[in-house]
Amino acid sequence: MSTHAAPRRTPFIDIAQTAIGLGQKLGLVAPSRLEKTALMDHAAAETGLDDFGDPWFEQPFGVLLDSIREEARLNTAGEFAARLQFGKVLRDRLLAFDWFRRHPEILERSIKRPVVIVGPMRSGTTRLHRLLASDHRFSHMRSFETIAPVPRPDFEEVLAGRKRDFRPTLAKRVMMIARLANPRTLSIHPTGPMQPEEELGLLVNSMYGMKHEAQWRVPTYGRWCERIDATPAYRHLADLLRLIGWSQQVSEIRPWILKTPQHMLDLPALLNVFPDARIIFTHRDPTKVVGSAASLAWNQTAIHSDEVTPYEVGEEWMRKSVLQVERMMAARSLVPAERRIDIGYDAMERDWQGTMARIYAFLDLDMAPAVPAMQRYQERTRNLKRKPHKYSLAQFGLEEAEVRNRFTAYAARFGIPDEGAGTAERASDSDSPIANPTFGRTAGTH
């Protein structure tokens, strides 16, 4: 296995740091004051609103800010990006509850029998999600809705056809900046503003979830999140899904397709909020899961900190990956047998169409109408000319034997085959829970 060093960040970050630092010295750029009260007051002043909804989110927010100050070792650019991100999340909360106040019918929308893909990071969940999302009988989020889930206050004019929704344009700009900060983004998680995307960004709107841990070194925050009941965050996620469904003007009858590896840790909370969910569990060789997850987290963390090491990232994502699997195995019995199915990454590789046929039989749905769209998706991904996502366990101080030992029970339980030694995966098969852009977000992003 390759032992080459973990990739370095791009010069763009150093240039940005210099510019931000100079701007702050000259008084042209506001200081990055990462304090809860100051951030909330600023968001309220910007929007003229004061209802943040359920105050539960202030608990993880406070812990996260403490962890950032004490553990993250952010650089100047990282602090700047964090301030922008928190500002956007807080404004989104204020605007979301204003939408709910002005349009109470939004919260009356039902979310029946969602199909939820639950699997470890990098286990093929993105591919499966996008195949199902190509079937127009399902509802799904798009990438711009993860970046900006809450419409602007003038969105009624968009619905009336008098304006265009600015959010896809905004998402394109955010992605362009993110690629300047990390050109490996496209190989780790190919995406675009209109691509189907997961709902982890909606959990971020409660200041909760693994996305924060993948962009900053915040172990105290991560362990705090692992100890609590995340049901309030999932309730807000559901309300934001209702808002997104309303903004899409789609029928409530269409089931949502959801996915994020966060559900591996929070299956009880997920089921509290979506008790009739149908669950597709995905499984993959743990050496690929851990190595790719560590690589994804490193490529984001290195942007925000000059001091965090790849070995710290590897150790944390080994622990996190083990915990995801343990939590999933302990909680999966909460899902009745007729509402769950297990899908192997290797099975999708060998015969994607046969595997999808199994899934459609599980969903009691005729697959035939969806096949042409799924075939077009497969063809598009085959034709993408992207560099493969290269990584190795050794880059992060991990040994293959150690990883296999930690996941012995999991691999045996689900008959997961050894994919063999290797340091790369095809771009079309890459999968991400948290590779949404995090650096350089403007005031209109989070």
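## Lys-320 within its helix

Lys-320 is located in helix H17, which spans residues 310-331, in a model that is predicted. The residue has a relative accessibility of 1%, and because buried means under 20% relative accessible area, Lys-320 counts as buried.

When residues up to four places away in sequence are set aside, Lys-320 touches Met-210, Glu-213, Gly-222, Glu-226 and Leu-265. The surroundings of this lysine in helix H17 thus include two glutamates, Glu-213 and Glu-226, together with Met-210, Gly-222 and Leu-265.

## The protein as a whole

The protein has 22 helices and eight strands, and buried residues make up 61% of its 446 residues. Among contacts in the protein with a separation of 6 or more, 85% are accounted for by residues 24 or more positions apart.

## Surface and a nonpolar patch

About 17,800 Å² is exposed by the protein, and carbon and sulfur atoms supply 53% of that area. On this surface, Leu-22, Leu-26 and Leu-28 form a nonpolar patch, and together these three leucines have about 350 Å² of accessible area.

Within the patch, Leu-26 lies in the loop that runs between helix H1 (11-25) and helix H2 (36-47). Leu-26 has a relative accessibility of 57%, and because exposed means over 50%, Leu-26 counts as exposed, whereas Lys-320 counts as buried.

Methods
Residues are numbered from 1 along each chain as its sequence is written. This is a predicted model: local features need pLDDT of at least 70, side-chain atom pairs count only at pLDDT 80 or more; totals for chains, interfaces and linings use all residues. Side-chain values use heavy atoms; hydrogens and water are left out. Helices (H or I, at least four residues) and strands (E, at least two) are DSSP runs, numbered from the N terminus. Buried means under 20% relative accessible area, exposed over 50%, partly exposed in between (1.4 Å probe, protein chains only). Contact means heavy atoms within 4.5 Å. Accessible areas come from the Shrake-Rupley method with a 1.4 Å probe; for residues, only the protein chains shown count as cover. Patches are made of residues with over 30% relative accessible area and no salt bridge: like charges are joined within 9 Å, nonpolar side chains (Val, Leu, Ile, Met, Phe, Trp, Tyr) within 5 Å. A salt bridge is a side-chain nitrogen of Lys or Arg within 4 Å of a carboxyl oxygen of Asp or Glu.
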